[in-house]
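Got your viewer open? Let's take a walk through this structure, one selection after another.

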Amino acid sequence: MMATSFQMVTSEISGPSCISFCTYRANAQSGERILIHGASGGVGLAAVQICKSWGLDVVGTASTDIGTELVKASGARLVLNHRDKNHKQNLLDATEGKKFDVILEMIAGINLRLDTEIIAPHGRIVVIGSRGDATINPDLLMIGEVNILGLLIGRSTDAEFAEMAKILEQGVRTKFVNPVIDQELPLDQAPKAHEAVIDHVGGSKGKIILIP
């Protein structure tokens with residue numbers, strides 16, 4: 001079945017960040033253990049789908065039952081509630097103590113310290129979002145030879161964008177990328193959409209789309 005133009009546009013909102021993260025920044029490999037924070041959001045769900053299709057062992061986090069089911073349906077092996085008081089131990093248990101090879105970090109100001117404690121030796125933490133400062137122990141980076149990498153999709157080259165577009169088109173057409181829409185709002189309600197993203201009431205459940 002041909003992908004709809006709406007599916008293509010929606011995937012092109014989240015997909016490039018996920019592909020850039022996996023390919024150009026983290027150099028993620030099939031069989032590696034990956035943690036996707038906030039996996040029930042639009043970028044998180046796309047990352048779960050793409051990483052699963054590329055053979056990674058995907059663990060995601062979510063804070064609601066609806067979000068958890070969406071992440072599971074997108075291909076995560078396990079979904080953990082980041083509000084659980086035993087969250088760190090649950091993450092370690094998810095890898096049988098081996099820790100994660102790759103972490104996709106969307107709120108580094110909150111999670112980065114935790115990330116440095118659950119990343120495996122030679123692991124890569126890719127930051128694609130943050131709110132505020134983070135305090136970490138640099139010794140953990142040195143001992144584990146861990147890399148913390150930043151990602152801003154706008155810094156991608158034209159060649160990278162072209163390659164990502166081809167991967168996304170194939171993904172939507174073959175169904176390994178299936179955009180999940182939480183809300184569709186008219187363009188004149190853009191402030192409401194921004195408030196929904198920031199306030200995060202009820203947890204994330206996919207993308208919020210503005211309709212002209």
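Start with a rule you'll need on this tour: a salt bridge is a side-chain nitrogen of Lys or Arg within 4 Å of a carboxyl oxygen of Asp or Glu. By that rule, the count comes to six salt bridges.

Two bits of housekeeping. You're looking at a predicted model, where local features need pLDDT of at least 70 and side-chain atom pairs count only at pLDDT 80 or more, while totals for chains, interfaces and linings use all residues. Residues are numbered from 1 along each chain as its sequence is written, and side-chain values use heavy atoms, with hydrogens and water left out.

**Stop 1: strand β1**

Select residues 33–36, which make up strand β1. Helices (H or I, at least four residues) and strands (E, at least two) are DSSP runs here, numbered from the N terminus. Which way do the side chains point? R33 and L35 go one way, I34 and I36 go the other, and all are buried. Buried means under 20% relative accessible area, exposed means over 50%, and partly exposed is in between (1.4 Å probe, protein chains only). In a regular strand the side chains alternate between the two faces of the sheet.

**Stop 2: the partners of β1**

Now add residues 57–62, strand β2, which pairs with β1 in the parallel sense over four bridges. Two strands count as paired if DSSP finds at least two bridges between them. Then bring in strand β4, residues 100–105: β1 and β4 are also parallel, paired over three bridges. Click on L35 to see both sides: its bridge partner in β2 is V59, and in β4 the partner of L35 is I103.

Next, show helix α2 (residues 42–53), which makes a right-handed β-α-β unit with β1 and β2. To check the hand yourself, point the strands away from you: in a right-handed crossover, the path from the first strand over the helix to the second runs clockwise.

**Stop 3: salt bridges between separate parts**

Pick R77 and D57, a salt bridge whose closest N and O atoms are 2.6 Å apart. R77 sits in the loop between α3 (65–73) and β3 (78–81) and D57 in strand β2, so the pair ties together parts that are 20 residues apart in sequence. R77 is partly exposed, at 46% relative accessible area, and D57 is partly exposed too, at 23%.

Then hop to K88 and E117, whose side chains meet in a salt bridge (3.2 Å, N to O). K88 belongs to helix α4 (residues 87–94) and E117 to helix α5 (residues 108–118), so this pair links parts 29 residues apart in sequence. Add R113 to your selection: K88, R113 and E117 are linked in a network of salt bridges.

**Stop 4: helix α7**

Finish with residues 158–174, helix α7. Which of its residues are buried? They are M164, I167, L168, G171 and V172. These cover an arc of only 130° around the axis (taken from the directions from the helix axis to the C-beta atoms), which puts them on the same side of α7. Spin the helix round, and the face turned away from that buried side carries the exposed residues D158, A159, K166 and T174.

While you're here, find R173 and E169, a salt bridge at 2.8 Å between the closest N and O atoms. Both lie in α7, four residues apart, about one turn of the helix. Last click: K175, just after α7, takes a positive phi of about 75°.

Definitions and conventions:
The expected span of a helix is 1.5 Å times one less than its number of residues.
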